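Colleague: I am new to this structure and would like to go through it slowly, so please show me the sequence and the model before we begin.

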Amino acid sequence: MNHENQEYLGHQALELWKSGNLQEAERYFIKAIQQDPDASMAYHFLTGFYLEQKQLDKAKALLMLSVKKFPEYEAGYHLDFAKIASLEKDKETALLHLKLAREAGFDNDEMILEDAKLDFIRKSSEFWELMEMPCGKEA
């Protein structure tokens with residue numbers, strides 16, 4: 001597998017996404033994954049793409065695959081699951097995954113506070129309680 005070619009495809013996918021060429025962007029992300037099934041960043045960006053497009057079923061399916069392939073990114077996956085649940089207006093599930101993300105060490109509060117996909121749960125007092133808890137498994 002040519003790592004440079006996979007990176008090129010990923011870069012092209014991001015450029016296509018930015019320019020609004022969404023079908024081609026998705027095609028390039030998928031092609032990057034097909035060329036290197038162990039390229040975790042390609043999965044990450046395609047999941048983000050699906051979240052932005054509100055293609056939640058595709059995002060969930062890709063996250064489920066990613067969790068199995070790349071368990072070391074547990075915190076980020078929980079945050080993405082929290083975003084999906086928040087977009088689906090499932091407060092309980094969204095808060096659970098946000099809690100799990102924080103317990104797994106996700107500590108980028110600015111990202112959590114600014115992400116519009118979490119607006120639904122941000123209105124709850126439970127959200128703010130979770131934001132006060134320390135991050136990490138020893139918390």
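Colleague: Is Trp128 buried, partly exposed or exposed?

Modeller: Burial is judged here from the relative accessible area, with buried under 20%, exposed over 50% and partly exposed in between, using a 1.4 Å probe and protein chains only. The model is a predicted one, in which local features need pLDDT of at least 70 and side-chain atom pairs count only at pLDDT 80 or more, whereas totals for chains, interfaces and linings use all residues. Residues are numbered from 1 along each chain as its sequence is written, and side-chain values use heavy atoms, with hydrogens and water left out. At 42% relative accessibility, Trp128 counts as partly exposed.

Colleague: What is the relative accessible area of Phe127, and how are the rings of Phe127 and Trp128 arranged?

Modeller: Phe127 is buried, with a relative accessible area of 0%. Rings of Phe, Tyr and Trp (its six-membered ring) pair if their centres lie within 6.5 Å, and planes under 30 degrees apart count as stacked, over 60 as edge-to-face and the rest as tilted. Because the ring centres of Phe127 and Trp128 are 4.9 Å apart and their planes stand at 85°, this pair is edge-to-face.

Colleague: Which residues form one aromatic cluster with Trp17?

Modeller: A search of the whole structure finds six aromatic pairs. In one of them, Trp17 and Phe29 meet edge-to-face, 6.0 Å centre to centre with 80° between the planes. This pair links distant parts of the chain, with Trp17 in helix α1 (residues 3–18) and Phe29 in helix α2 (residues 22–35), where helices are DSSP runs (H or I, at least four residues) numbered from the N terminus. The aromatic cluster joins Trp17 with Phe29, Phe49 and Tyr50.

Colleague: Which residues of α3 are buried?

Modeller: The expected span of a helix is 1.5 Å times one less than its number of residues, so the 13 residues of α3 should span 18 Å, and the 19 Å between its end C-alpha atoms agrees. The buried residues of this helix are Ser40, Ala42, Tyr43, Leu46, Thr47, Phe49, Tyr50 and Leu51.

Colleague: What value of phi does Lys54 take?

Modeller: Lys54 comes just after α3. Its phi is positive, at about 60°.

Colleague: Where does the charged end of Lys31 sit?

Modeller: A charge sits over a ring if NZ of Lys or CZ of Arg is within 6 Å of the ring centre and within 35 degrees of the ring normal. The charged end of Lys31 sits 6.0 Å from the ring centre, over the ring of Tyr28.

How values were computed: Helix = DSSP H or I, 4+ residues; strand = E, 2+ residues; numbered from the N terminus.
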